Amino acid sequence: MAEIIDGREIARKLDEKTGAEIKAMLDAGQRRPGLAVILVGEDPASQVYVSRKIKACERVGIESSEYRLPADTGQDELLALIGRLNDDANVHGILCQVPLPPQIDTRLVLLAIDPAKDVDGFHPMNAGLLFTGSEGLVACTPSGVIHLLKSVVPDPTGMDALVIGRSNIVGKPVAMLLLNEGCTVTIAHSKTRNLPEIARRSDIIVAASGIAEMVKGGWVKPGAVLLDVGITRVRGENGKDRLVGDIAFDEVQHAGAVTPVPGGVGPMTIACLLANTVRAAKALDRGKARAPAA
Ligand code: NAD
């Protein structure tokens, strides 16, 4: 019987730690960490994600500020807002919810965010730091995946890990983190041949293709650790929608451990965002302490 990795509980513990760190910062006379969240347009899923992030900030004691801009906002206007937030000492983290409307070049927006405040970890500077194994702000979902993995395998050194998916926000950073943990990593994608065969020899599988239940029971080696990033909404037999992952959950009882969907990787993403905001606040404060007096 596979162990079910409880992402909600692990996220709750991480939030507790983040809350305690904030309290210690305030006790030491430091500024309360601040997160600015920008939402352009009215995409319903993005609105839900943004509200969840704002509520989570309140829960741990991060000061959040929300910038809701109309769908026809111009690129220059958005870049000007980011410039102001970059210069605002009360803002330690800036998050611009994607997807952005078509008139806005997402790459330019991500480049405009000060890497020291890039709590999503999407700036090429932070991606490069991760690539070189240096300290930077790491993308939240990948970071959450590693947390969950280490809750069942504290030291994955030498294990064979398969990452299904090569996106810049999930697949590639997860692969880099696994490599930094000493795993032997295979990255599979839409052009990969013999995926079931590669999966069957893997000790760890991170599934991030967005294809509902693509990883079948027969793909999974007994005892393997399965981390399911995928989220797909499907219509159930009762006519109600439900969320499913990339792993056929009911077929993998012979795995060592598996994350459920929902309640696995999802809750960790927000917990890691909060942790990144505190990390950014501490690093920015340290930087200020070192800066010469004007
Ligand atoms: P994406 O669409 O950018 O990337 C999907 C990847 O899957 C691509 O690299 C593609 O090459 C690969 N792929 C497609 N078909 C494949 C196949 N048949 N075999 C192997 N690989 C295949 O998606 P993304 O942004 O990386 O997100 C992936 C999934 O994770 C989605 O379901 C998304 O909703 C979910 N997600 C969840 C969270 C969370 O917090 N839980 C966060 C981000 C993304």
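A polar contact here is a pair of N or O atoms within 3.5 Å, where, inside the protein, one atom must be able to donate a hydrogen and the other to accept it. With that in mind, let us walk through this predicted model, starting with a residue that shows such a contact.

Q97 sits in the loop between β4 and α4. Its side chain pairs with the side chain of K53, and the polar contact spans 2.9 Å. The relative accessible area of Q97 is 7%, and because buried means under 20%, Q97 counts as buried. Stay in this loop for a moment, as P99 also belongs to the stretch between β4 and α4. The peptide bond that leads from V98 into P99 is cis, with omega near 5°.

Strand β4 itself, residues 93–96, takes us to the inside of the protein, where it gives three residues to the lining of the largest cavity, the most of any element. How many cavities of 30 Å³ or more does a search of the whole structure find? The search finds one. The space in the largest cavity comes to about 30 Å³. Around it you can pick out I94, L95 and C96, together with L110, I113, D118, D120 and F122. Sorted by class, this lining holds six nonpolar and two charged residues, with no polar ones.

From F122 we can step across to a pocket, since F122 is also one of the residues that lie nearest the centre of the second largest pocket, along with G121, A127, N168 and I169. In total, 21 residues line this pocket, and about 540 Å³ of space lies in it. Helices α4 (106–112), α5 (124–131) and α7 (171–180) are the elements that each give two or more residues to its lining. Of these, α5 has the largest share, with six residues. The lining is made up of 14 nonpolar, five polar and two charged residues.

The largest pocket has a volume of about 1500 Å³. Its lining counts 50 residues, and those nearest its centre are Y49, T141, I231, G266 and T269. Several elements give two or more residues to this lining: α1 (7–27), α2 (44–60), β4, α6 (140–152), β9 (232–235) and α9. Which element gives the most? That is α2, with nine residues. By class, the lining divides into 27 nonpolar, 12 polar and 11 charged residues.

Two of the residues nearest the centre of that pocket, I231 and T269, bring us to the ligand. I231 and T269 are also among the residues that come nearest the ligand, in a group with R166, S167 and S190, out of 21 residues around it. Helix α9, residues 265–290, supplies three residues to this shell, the largest share. The shell has 10 nonpolar, 10 polar and one charged residues. Look next at the oxygen atoms of the ligand. A polar side-chain atom of S167 lies 2.5 Å from one oxygen atom of the ligand, and a polar side-chain atom of T269 is 2.8 Å from an oxygen atom of the ligand. V229 takes part through its backbone, with an N or O atom 3.5 Å from a ligand oxygen. The ligand on its own has 860 Å² of accessible area, and the protein covers 69% of that.

A few loops deserve a visit before we finish. Ahead of α9, in the loop that follows β11 (257–258), you will find P262. V261 and P262 are joined by a cis peptide bond, with omega about 0°.

Next, turn to the loop between β6 (184–188) and α8, which holds N194. N194 is not a glycine, yet its phi is positive, about 55°. N194 is partly exposed, at 48% relative accessibility. On the other side of α8 (195–200), in the loop leading to β7, is S202. Buried or exposed, at 4% relative accessibility? S202 counts as buried, and its side chain reaches the backbone oxygen of I198 at 2.8 Å.

The last stop is the loop between β7 and β8, home to E213 and M214. E213 has a positive phi near 50° although it is a residue other than glycine, and it is partly exposed, with a relative accessible area of 30%. M214, in contrast, counts as buried at 18%. The C-alpha atom of M214 is separated by 5.4 Å from that of D246, a residue 32 positions apart along the chain.

Terms used. Residues numbered from 1 in each chain as written. Predicted model: local features only at pLDDT ≥ 70, side-chain atom pairs only at ≥ 80, totals over all residues. Heavy atoms only, no water. Near = heavy atom within 4 Å. Areas by Shrake-Rupley, 256 points an atom, 1.4 Å probe, with all protein chains shown as cover. Helix = DSSP H or I, 4+ residues; strand = E, 2+ residues; numbered from the N terminus. Nonpolar A, V, L, I, M, F, W, Y, C, P; charged D, E, K, R; others polar. 1 Å grid on protein atoms, 1.4 Å probe; cavity = no way out; pocket = protein on both sides within 12 Å on 5 of 7 lines; lining within 4 Å. Points joined across faces, edges and corners; volume = space filled by probe spheres on them. Buried < 20%, exposed > 50% of the residue type's maximum accessible area, 1.4 Å probe, protein only.
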